[in-house]
Amino acid sequence: MDWSPIFISIKTASVSIFITFFLGILAAWAVVSIRSRVLKTILDGILTLPLVLPPTVAGFFLLYLFGVKRPIGKFFIDYFSIKIAFSWSATVIAAVTMSFPLMYRSARGAFEQVDPSLPAAARTLGMGEWAIFRKVLLPNAIPGVVGGGVLAFARGLGEFGATAMIAGNIAGKTRTLPMAVYSEVAAGNMDSAWRYVAVITVIALISIILMNWAAYRTGGYGHGN
């Protein structure tokens, strides 16, 4: 059994959730803070779009942007000598793109469930918006934020379609667990495919357990008597 897909997937998911977690929280806070309903609706649609697009379509857009002859990809090659498409960095970009909406939607939902009287009371005490976010909004939204982070991590770990488009299926370089499952099935190696399936299933199950545990510890679910 080749262990590289496991290491590549864990490394990709870990880096992507670090990026997605903070971007998702900040984006959710920004959208929640917007007063214009029209602007809020438009931004929400744009930020949520990867969640409803087929992953291959999202990957096509990424490839169009980061391909070697495309705007961003050509910029990185010309000025930094860095090729993004079909590299490990591309697996991270794909994972961030596809997991971001889950983090954003979870964080936004959690922020919107916070009692509006709490930020209002903080404003009457002279607290600034950044202080209100850190000391009032975020602490009260922790269960939803943590749950979104776990789901985003699991989504990044299981990303396939966008990764296939922009990163390819290069053994030892961009072959993640989902790509390894596909490769083994295509080659008729069902026993090896089952081993990869077992690994990713266990990781996904652990993610769900951690999400439930974190929500319980932070008061997200009702405590039993």
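**Salt bridges, annotated segments and a cavity**

The structure holds six salt bridges, a salt bridge being a side-chain nitrogen of Lys or Arg within 4 Å of a carboxyl oxygen of Asp or Glu. The model is predicted, and local features need pLDDT of at least 70, side-chain atom pairs count only at pLDDT 80 or more, and totals for chains, interfaces and linings use all residues. Residues are numbered from 1 along each chain as its sequence is written, and side-chain values use heavy atoms, with hydrogens and water left out.

A good place to begin is the pair formed by aspartate 44 and arginine 105, whose closest N and O atoms are 2.8 Å apart. Aspartate 44 belongs to helix α2 (residues 37-52) and arginine 105 to helix α5 (residues 88-112), so this salt bridge ties together parts that are 61 residues apart in sequence. Helices here are DSSP runs (H or I, at least four residues), as are strands (E, at least two), and both are numbered from the N terminus. Aspartate 44 has 13% relative accessibility and counts as buried, whereas arginine 105, at 38%, counts as partly exposed. These classes follow relative accessible area: buried is under 20%, exposed is over 50%, and partly exposed is in between (1.4 Å probe, protein chains only).

Helix α5 also holds both arginine 108 and glutamate 112, which are four residues apart, about one turn of the helix. They form a salt bridge with the closest N and O atoms 2.8 Å apart. Arginine 108 counts as buried at 14% relative accessibility, while glutamate 112 is partly exposed at 45%. Through salt bridges that share partners, Asp44, Arg105, Arg108 and Glu112 are joined into one network.

Another salt bridge links lysine 74 to aspartate 78, with the closest N and O atoms 2.9 Å apart. Both residues lie in helix α4 (residues 71-80), again four residues apart, about one turn of the helix. Lysine 74 is partly exposed, with a relative accessible area of 41%, and so is aspartate 78, with 46%.

Turning to the record, an unreviewed UniProt entry carries the annotation "transmembrane region" for residues 6-34, 46-66, 86-104 and 196-216. UniProt positions are given in the numbering used here, feature names are shortened, and annotations may be inferred rather than shown by experiment. In the model, residues 6-34 are 97% helix and 0% strand, and the end C-alpha atoms are 41 Å apart. Residues 86-104 are 89% helix and 0% strand, with the end C-alpha atoms 27 Å apart.

The surface has a nonpolar patch formed by Val15, Phe18, Ile19, Phe22 and Leu23, with about 460 Å² of accessible area together. Patches are made of residues with over 30% relative accessible area and no salt bridge, like charges being joined within 9 Å and nonpolar side chains (Val, Leu, Ile, Met, Phe, Trp, Tyr) within 5 Å. Accessible areas come from the Shrake-Rupley method with a 1.4 Å probe, and for residues only the protein chains shown count as cover. Within this patch, phenylalanine 22 is found in helix α1 (residues 4-33) and is partly exposed at 45% relative accessible area.

Finally, a search of the whole structure finds one cavity of 30 Å³ or more. A cavity is a set of points, on a 1 Å grid over the protein atoms alone, where a 1.4 Å probe fits but cannot get out; lining residues have an atom within 4 Å of a point. The largest cavity holds about 50 Å³ of space, its volume being the space filled by probe spheres set on the points, with grid points joined across faces, edges and corners. Its lining consists of Ser9, Thr12, Thr91, Ala95, Gly156, Leu157, Glu159, Thr163 and Thr176. Helices α1, α5 and α8 (142-157) each supply at least two residues of this lining.

Key:
On a 1 Å grid over the protein atoms alone, a cavity is a set of points where a 1.4 Å probe fits but cannot get out, and a pocket is an open set with protein on both sides within 12 Å along at least five of seven lines; lining residues have an atom within 4 Å of a point.
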